[in-house]
Amino acid sequence: MSNGSRLLGELIDALRCLPGVGAKSAQRMAFHLLERERQGGLRLASALESAMRDVGNCTRCRNFSETPVCSLCASASRDKQVLCVVESPSDLAAIEQATGYRGHYFVLLGRLSPLDGLGPDELGLPLLAERLGEGEVDEMIIATNPTVEGEATAHYIGQLAKAAGIRATRLAHGVPLGGELEFVDRGTLAHAFGSRQSLG
Amino acid sequence: MRIEQQPAFVLHARPYRETSLLVECLTPDYGRIGVVARGVRKERARLQRAQLEPFQRIQLDMLLKGELATLRGAEPSGAVMRLTGDAGLAGLYLNELVVRLTGRQDPNAALFAFYERTLRRMAAGEPLAWTLRRFERDMLDSLGYALQLDVDAVQGEPLEPKATYFYDPESGAMPGRAGDPQAIRGADLLALAADQAPDTAGLASLRRMMRQVIGFHLGGGELRAWRVLR
């Protein structure tokens, strides 16, 4: 595609690294920035550059952070005795937004999946074991996804907790709120049925 | 080519393009097959992700064109097999083993049957180590790499239960020295051949032997799952 400008071509090409952005959307974005949003474009450029350069992973929880210890881990108002293990930073954000959880987190940045080349070391499990060994944590909430790999990961991490003498809990899974049994998939229904609770 | 109602187990799924999944399935008539499930990662997908999880027998409708097939429909068949705890980790090992040792579209109905039987055994809580060794033996057999477990490779004499051997992946059981890390008792090899579970020490030697044999057939590589299974 030729549009008369080499820099424009490069910008369009670079924008395509974003998820969901193909050639057409990349071109629209580039034209929009150049025609109407020069200021915004410059802000984007500088924010992008500093984030890409300075954001790393927290040495305590592995979440994204530009400081060695992230603000969640450094916060004095959070409960140090509860540790919630999640697969990704977006899972952490979801739990922060939906629940009133005030404890700490540990982000695996993946799940045990031999076929994807993800083993205990890639998930930072030695760091997690070390953290459990510090003796501050009383309960570990394992919030990996309810997939086969997420369950296997939960089991593996549960063993680490057991070895450290820490209570491990797992998120419940079942019928979604407002759902109808008729339309719930078999696996979920079997799970929900198996882990039913007493009333009152 | 349209394929209807093909029994299958999902071995692995990974994101493909924006909203699709590339699912590796094991089927009786087409062996391992890569199937593209379009749009299943969308929030309001017609077909739910839950139906494409491993360890659940499903029936696939697909369109096979070249190396990959396109998924047209998938529905569960049979009860849900829940592999919990160590069985879940063992299941991931099983899937890695099958993906790494098989080529795509190499029909193998026997392997499919062995795989299904193994999942049932694991779901029923049978001892994992022995269940995995039986599967490895049967799988190697169905791929044409059958183990020679009853006669020694040098003389062709029947194995002595009390004697010590080491198993060479290329030739078979060779006379070995006790104390060698790869040493294995004749009784343990015979037990695997006769499908009789050996004692704990025997299971440990069979596991060492199998890792070596599988490593050989992988071309010297190792399986990631070995680092997870203790």
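## Chain B and selected sites in chain A

Among the contacts of chain B that join residues at least 6 apart in sequence, 55% connect residues at least 24 apart. The model is a predicted one, and the values given in this report are to be read as computed from that model.

### Overall features of chain B

Chain B contains 5 helices and 8 strands, and, read from the N terminus, its elements follow the order β-β-β-β-β-α-α-α-β-β-β-α-α. The C-alpha trace of chain B extends over about 60 × 35 × 25 Å along its principal axes. The chain has 230 residues, of which 50% count as buried, while the area that chain B exposes comes to about 10800 Å², with carbon and sulfur atoms supplying 47% of it. Its charged side chains number 31 positive and 28 negative, and the centres of these two sets lie 9 Å apart.

### Strand pairing

Strand S1 of chain B, which covers residues 2–16, pairs with strand S4 (residues 57–65) of chain B in the antiparallel sense over 6 bridges; within this pairing, Gln6(B) has Leu60(B) in S4(B) as its bridge partner. S4(B) is in turn joined by 8 bridges to strand S5 (residues 68–76) of chain B, again in antiparallel fashion, and here Leu63(B) finds its bridge partner in Thr70(B) of S5(B). S4(B) and S5(B) form a hairpin with 2 residues between the strands, in which Gly66(B) adopts a positive phi near 70 degrees.

Further along chain B, an open sheet of 3 strands has the order S7-S6-S8, with antiparallel pairing. Strands S7 (172–175) and S8 (184–185) of chain B stand at the edges of this sheet and have a single partner strand each, so one side of each is left without a neighbour in the sheet. Strand S6 (residues 164–168) of chain B is joined to S8(B) by 2 bridges, and the two strands run antiparallel; Thr164(B) has Arg185(B) in S8(B) as its bridge partner.

The table collects the antiparallel pairings of chain B for which bridge numbers and an example partner are given.

| Strand pair | Bridges | Example of bridge partners |
|---|---|---|
| S1(B) and S4(B) | 6 bridges | Gln6(B) and Leu60(B) |
| S4(B) and S5(B) | 8 bridges | Leu63(B) and Thr70(B) |
| S6(B) and S8(B) | 2 bridges | Thr164(B) and Arg185(B) |

### Aromatic pairs

A pair of aromatic rings is described by the distance of the centres and the angle of the planes. Over all chains, the structure holds 4 aromatic pairs. One of them is formed by Tyr101(A) and Tyr105(A), whose rings are arranged edge-to-face, at 5.2 Å centre to centre and with 70 degrees between the planes. Both Tyr101(A) and Tyr105(A) are buried.

In chain B, Phe9(B) and Phe112(B) form a tilted pair, with 5.5 Å from centre to centre and 40 degrees between the planes. This pair links distant parts of the chain, for Phe9(B) belongs to strand S1 and Phe112(B) to helix H2 (residues 109–123) of chain B, 103 residues apart. Phe9(B) has a relative accessibility of 0% and therefore counts as buried, and Phe112(B), at 5% relative accessibility, likewise counts as buried. Ring pairs connect Phe9(B), Phe112(B), Tyr115(B) and Phe135(B) into a cluster.

### Arg78 of chain A

Arg78(A) is placed in the loop between helix H4 (71–74) and strand S3 (79–86) of chain A. With a relative accessible area of 6%, Arg78(A) is buried, the cut-off for this class being under 20%. When residues up to four places away in sequence are left aside, Arg78(A) touches Leu72(A), Glu96(A), Tyr101(A), Arg102(A), Gly103(A), His104(A) and Tyr105(A); among these contacts are Tyr101(A) and Tyr105(A), the two residues of the edge-to-face pair.

### Positive phi outside glycine

Most residues other than glycine have a negative phi. Arg62(A), which is not a glycine, nevertheless has a positive phi of about 70 degrees; this residue lies in the loop between strand S1 (56–57) and strand S2 (64–65) of chain A and, at 15% relative accessibility, counts as buried. In chain B, Gln5(B) also has a positive phi, near 50 degrees. Gln5(B) is found in strand S1 of chain B, and at 37% relative accessibility Gln5(B) counts as partly exposed.

Key: Residues are numbered from 1 along each chain as its sequence is written. Chains are lettered from A and ligands numbered from 1 in the order in which they are written. This is a predicted model: local features need pLDDT of at least 70, side-chain atom pairs count only at pLDDT 80 or more; totals for chains, interfaces and linings use all residues. Side-chain values use heavy atoms; hydrogens and water are left out. Helices (H or I, at least four residues) and strands (E, at least two) are DSSP runs, numbered from the N terminus. Buried means under 20% relative accessible area, exposed over 50%, partly exposed in between (1.4 Å probe, protein chains only). Contact means heavy atoms within 4.5 Å. Accessible areas come from the Shrake-Rupley method with a 1.4 Å probe; for residues, only the protein chains shown count as cover. Lys and Arg count as positive and Asp and Glu as negative; His and the chain ends are not counted. The place of a charge is taken as NZ of Lys, CZ of Arg, CG of Asp or CD of Glu. Two strands pair if DSSP finds at least two bridges between them. Rings of Phe, Tyr and Trp (its six-membered ring) pair if their centres lie within 6.5 Å; planes under 30 degrees apart count as stacked, over 60 as edge-to-face and the rest as tilted.
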